[in-house]
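Me: Please take a close look at one helix of this model, beginning with a single residue in it and working outwards to its packing partners. I would like one connected account, with the cut-offs behind each term.

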Amino acid sequence: MAFDISLGINGSTTVVRLEGELNDREVQSLRRVVDQAVTQGPRRLVVDVHALDALVPAGLRCLAFAQQHLPATSHIVIEGASPVLRDRFRLAGLDRSMTIVVRDEQLVGV
């Protein structure tokens, strides 16, 4: 599946939606959008991964970069993580600095 990324802003919340397979070729797209999101200085950065099938380590580093460059009062929420993605965030140590909301596998495809 092809990779797609979108950025939306609603008040003090910025939402980045990721779909498909984030591979090494697509990381620069993610980096550009993350840079743009960080520039907004949101209080809350939501990364919607409901439709994300794969995430390479460089993608995790982009999100860690975002956490490091947001104001101290900001928070990142990873929304809709599959068990596999949740494990990747945990192994990278990002579960300690971000809120990981796990996808309910029973609702997928409903």
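**Helix H2 and its surroundings**

Reply: Gln67 is located in helix H2, where helices (H or I, at least four residues) and strands (E, at least two) are DSSP runs numbered from the N terminus. The model is a predicted one, in which local features need pLDDT of at least 70 and side-chain atom pairs count only at pLDDT 80 or more, while totals for chains, interfaces and linings use all residues. Residues are numbered from 1 along each chain as its sequence is written, and side-chain values use heavy atoms, with hydrogens and water left out.

With a relative accessibility of 22%, Gln67 counts as partly exposed; buried means under 20% relative accessible area, exposed over 50%, and partly exposed in between (1.4 Å probe, protein chains only). Apart from neighbours within four places in sequence, Gln67 is in contact (heavy atoms within 4.5 Å) with Ile76, Ser97 and Met98. Its C-alpha atom is 9.1 Å from that of Leu45, a residue 22 places away in sequence.

The helix itself comprises 13 residues, 57–69. At 1.5 Å a residue, H2 should span 18 Å, and the 19 Å between its end C-alpha atoms agrees with this; the expected span is 1.5 Å times one less than the number of residues. Its buried residues are Ala58, Gly59, Leu60, Cys62, Leu63, Ala64, Phe65 and Ala66. These residues pack against two helices, H1 (27–39) and H3 (83–91), and against strands E2 (13–22), E3 (44–55) and E4 (75–81).

The packing against H1 can be described further. The axes of H1 and H2 come within 10 Å and cross at roughly 10 degrees. Here axes are lines fitted to C-alpha atoms, for helices over the stretch in contact, and angles run from 0 to 180 degrees between N-to-C directions. H1 and H2 are therefore roughly parallel to each other, a class for angles under 35 degrees (over 145 is roughly antiparallel, 65 to 115 roughly perpendicular, the rest oblique). The crossing of H1 and H2 is right-handed, meaning that the near helix is turned clockwise from the far one by less than a right angle, whereas anticlockwise would be left-handed.

From H1, the contact draws on Val27, Leu30, Arg31, Val34, Asp35 and Val38, and from H2 on Ala58, Gly59, Cys62, Leu63, Phe65, Ala66 and His69. By class, the residues of this contact comprise nine nonpolar, two polar and two charged; Ala, Val, Leu, Ile, Met, Phe, Trp, Tyr, Cys and Pro count as nonpolar, Asp, Glu, Lys and Arg as charged, and the others, Gly among them, as polar.

Arg31 represents the H1 side of this contact. This residue of helix H1 counts as partly exposed at 29% relative accessibility. Not counting residues up to four places away in sequence, Arg31 touches Cys62 and Phe65, both of which are buried residues of H2.

Strand E2, one of the elements against which the buried residues of H2 pack, contains Thr14. At 1% relative accessibility, Thr14 counts as buried. Beyond the four nearest places in sequence on either side, Thr14 touches Leu7, Gly8, Ile9, Ala37, Gln40, Pro42, Arg44, Leu45 and Val46.
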